[in-house]
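Here's a quick tour of how the protein meets one of its DNA strands, with a short stop at the cysteines afterwards. Have the model open while you read.

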Protein chains: 2
Amino acid sequence: MTAESRADHRPSATPPLTERQEARRRRILDASAQLAARGGFDAVQMREVAEAAGVALGTLYRYFPSKVHLLVATMQDQLQHMHTTLRKRPPGGAAPAERVAETLMRAFRALQREPQLADAMVRALTFADRSVSPEVDTVSRLTTAIILDAMGAAQPTPEQLSAVRVIEHTWHSALITWLSGRASIAQVKIDIETVCRLIDLTAPERTAARQ
Amino acid sequence: MTAESRADHRPSATPPLTERQEARRRRILDASAQLAARGGFDAVQMREVAEAAGVALGTLYRYFPSKVHLLVATMQDQLQHMHTTLRKRPPGGAAPAERVAETLMRAFRALQREPQLADAMVRALTFADRSVSPEVDTVSRLTTAIILDAMGAAQPTPEQLSAVRVIEHTWHSALITWLSGRASIAQVKIDIETVCRLIDLTAPERTAARQ
DNA sequence: ATCAAGTCTGTAACTTGTTCTACATTAGCG
DNA sequence: CGCTAATGTAGAACAAGTTACAGACTTGAT
């Protein structure tokens with residue numbers, strides 16, 4: 001059970017990395033997160049990341065072909081953490097809508113602890129162009145997984161998936177308005193709770209509850 | 001009734017512009033839109049905008065303190081157009097939710113005609129940092145106005161305003177997923193229709209009939 | 001152990017957003 | 001008109017993302 005078996009998360013046809021390469025990748029991601037946590041998107045300067053990670057600039061670009069790729073990968077990394085953390089203490093609400101809202105608010109509070117890091121990651125995510133689509137998609141799938149987990153919908157209907165998509169849209173966009181100082185934390189909370197009402201609307205309605 | 005009285009749209013304490021200045025501003029915005037329409041965000045290069053507008057680089061920066069400011073202003077400009085255009089033929093649906101969805105889809109089709117321009121504007125909008133907040137807020141208010149128009153809610157309740165906020169979030173984020181090729185046009189349509197269901201949910205339901 | 005292919009390193013160059021500077025033009029005002 | 005402050009111009013300079021390249025180091029197969 002060496003480092004090798006752990007490394008096979010990524011779906012794409014990445015040639016497996018040697019141990020030293022895995023270590024380099026990790027140092028880079030850590031350096032990225034650390035610089036981001038200090039000063040947000042702008043503070044993640046490729047030369048500085050390279051230096052902090054003890055790697056040449058060219059190498060950094062071999063691992064992550066652009067700053068946006070790097071930050072999206074950083075987000076993937078952080079989301080993994082969050083997903084495992086969230087799984088440990090599942091939300092307590094009775095209705096799916098409540099549980100999703102609770103989960104997202106928990107994630108939101110985690111982001112509030114490192115607002116600059118959140119800034120860097122979210123800005124990169126929404127600024128990403130087509131060349132980063134696969135990576136952004138991975139982040140999106142992770143987010144979807146977290147929300148579906150909270151809903152407790154193992155076999156979501158297409159309608160429910162639509163609701164989840166809309167929730168994700170709202171989540172990202174609300175984060176942006178918060179990060180750029182155009183919405184308060186309270187406002188974000190309201191938006192999340194509002195959009196989560198869509199879940200009730202799309203629940204498999206044979207179960208009496210809401211009609 | 002010279003050009004002067006027309007110029008007083010902007011709320012901030014902008015000293016009134018002379019006629020030549022108004023003309024410069026217009027040339028800059030037009031050049032920006034034209035370059036954006038060609039090649040999207042990346043094709044809007046400040047030197048090229050300046051040259052196309054027949055203005056020195058320093059002047060461009062006096063009018064718009066950054067590329068993002070410029071593109072957000074371009075978006076304001078385009079939204080004005082759209083708002084007037086949309087007002088001319090109001091949506092035909094019976095229920096507010098239908099009308100809003102119809103209006104947004106109409107706007108979406110307009111954006112599809114110039115996808116590169118849409119790309120430049122939307123990317124700028126979501127990439128904008130705090131220094132652009134006032135301008136982004138103006139765009140947001142314009143969008144809100146368009147949606148409220150379509151709803152026909154002259155006196156929206158706080159709940160309805162929350163729904164509108166969420167609709168806006170979804171609108172922006174769905175546009176981004178479309179622009180970066182991660183969602184199809186059909187998918188965007190579904191997302192818009194899904195989120196518009198929130199309107200029914202928040203309608204002032206004491207007035208039995210849909211009023 | 002050795003060789004070829006692939007990786008890394010250090011560094012310079014290039015691109016484009018942004019800032020700065022020195023000088024010319026314009027606008028408002030007495 | 002003639003002055004002065006604000007505005008505009010041309011172009012250099014700077015910053016950070018990105019690319020290019022020559023030489024050293026690793027790796028894997030023989």
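## Phosphate contacts

In this predicted model, an N or O atom in the side chain of Gln21(A) sits 3.0 Å from a phosphate oxygen of DNA strand C. Arg24(A) puts a polar side-chain atom 3.1 Å from a phosphate oxygen of that strand. From chain B, Tyr61(B) has a side-chain N or O atom 3.0 Å from a phosphate oxygen of DNA strand C. A polar contact here is a pair of N or O atoms within 3.5 Å; within protein, one must be able to donate a hydrogen and the other to accept it, and residues adjacent in sequence count only if both atoms are side-chain atoms.

## The surface around strand C

There are 18 residues around DNA strand C, and Ala56(A), Thr59(A), Tyr63(A), Arg47(B) and Lys67(B) come nearest (near means a heavy atom within 4 Å). Sugar or phosphate accounts for 63% of the strand C atoms within 4 Å of the protein, and bases for the rest.

As for who supplies that surface, α2 (19–43) and α4 (57–63) of chain A, plus α3 (46–53) and α4 (57–63) of chain B, each bring at least two residues. The top contributor is α4(A), with three residues. Helices are DSSP runs of H or I, at least four residues, numbered from the N terminus.

## Cysteines

The disulfide count over all chains is zero, taking a disulfide as a pair of cysteine sulfur atoms within 2.5 Å. Cys196(A) is buried at 1% relative accessible area, and Cys196(B) is buried at 2%. Buried means under 20% (1.4 Å probe, protein chains only).

## Conventions

Residues are numbered from 1 along each chain as its sequence is written, while chains are lettered from A and ligands numbered from 1 in the order in which they are written. Local features need pLDDT of at least 70, side-chain atom pairs count only at pLDDT 80 or more, and totals for chains, interfaces and linings use all residues, with side-chain values based on heavy atoms, leaving out hydrogens and water.

Key. Buried < 20%, exposed > 50% of the residue type's maximum accessible area, 1.4 Å probe, protein only.
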